[in-house]
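Welcome, and please have a look at the structure below. We will go through its aromatic contacts and then turn to one loop.

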Amino acid sequence: MRIRVWDVLVRALHWTLAAAVATAWISGHWPPSHFDDWHHTAGYVAGAAVALRLAWGFVGSPYARLSQFVRGPRAVLAYARAMRAGREPRHIGHNPLGGWMVLALWSTVAALSLSGWLYTTDWLWGYEWLSDLHAWLAWGVATLVVGHLAGVVVTSWRHRENLVAAMFSGCKRAADGDDIR
């Protein structure tokens, strides 16, 4: 049996954010002036996607809600210990580590988008510290994306399910004994 986990808005915002981050990264590493418009637009789209997804985390469908997948430090550490021992429970929504990864990605992308916008203003244009901050945040997002993808691969393998396909379809298998939180 399959269960609907991620609604269409969650999936659309996920893939929009992924595309915007990839576009911003690629356009930000080409010769500086050639792709500035692409880079700026992608940054604004990424910031908007994070803002919309955060809002949807308060009013959206059950598995979209922050209260469903953001857990406290004790739960996250317990999950990490269980994972290290090879006996972590399967979660229908995000697991506790995945929930914290979501927050880390969203907050870093939001800060990146904000720093990029601030750098275009008359007030802060040309400040080296802001340019450096923006670059550090971009590398932070890249690092978090690698961690996110690794988590998807490991979790897909350990629980024998294709999480990428689930993020396209919105459905995951439901099995007896699963933690459906």
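Across the whole of this predicted model, a search turns up three aromatic pairs. In one of them, Trp15 and Phe168 are stacked, because their ring centres are 4.4 Å apart and their planes meet at 15°, under the 30 degrees that stacking requires. Trp15 belongs to helix 1 (residues 8–28) and Phe168 to helix 7 (residues 163–169), so this contact ties together parts that are 153 residues apart in sequence.

Another pair joins Trp25 and Trp139, and its geometry is edge-to-face: the centres are 4.9 Å apart, with 90° between the planes. Here too helix 1 takes part, through Trp25, while Trp139 sits in helix 6 (residues 128–159), so the pair links parts 114 residues apart in sequence.

How accessible are some of these residues, and how does a histidine elsewhere fare? The table lists the values.

| Residue | Relative accessible area | Class |
|---|---|---|
| Trp15 | 30% | partly exposed |
| Trp25 | 28% | partly exposed |
| Phe168 | 54% | exposed |
| His91 | 6% | buried |

Now for the loop. Where is His91 placed along the chain? His91 lies in the loop between helix 4 (73–84) and helix 5 (96–120). His91 counts as buried because its relative accessible area is 6%, and the cut-off for buried is under 20%. Ala174 is 83 residues away from His91 in sequence, yet the two C-alpha atoms are 9.7 Å apart in space.

Notes
Residues numbered from 1 in each chain as written. Predicted model: local features only at pLDDT ≥ 70, side-chain atom pairs only at ≥ 80, totals over all residues. Heavy atoms only, no water. Helix = DSSP H or I, 4+ residues; strand = E, 2+ residues; numbered from the N terminus. Buried < 20%, exposed > 50% of the residue type's maximum accessible area, 1.4 Å probe, protein only. Phe/Tyr/Trp six-rings, centres within 6.5 Å; stacked < 30°, edge-to-face > 60°.
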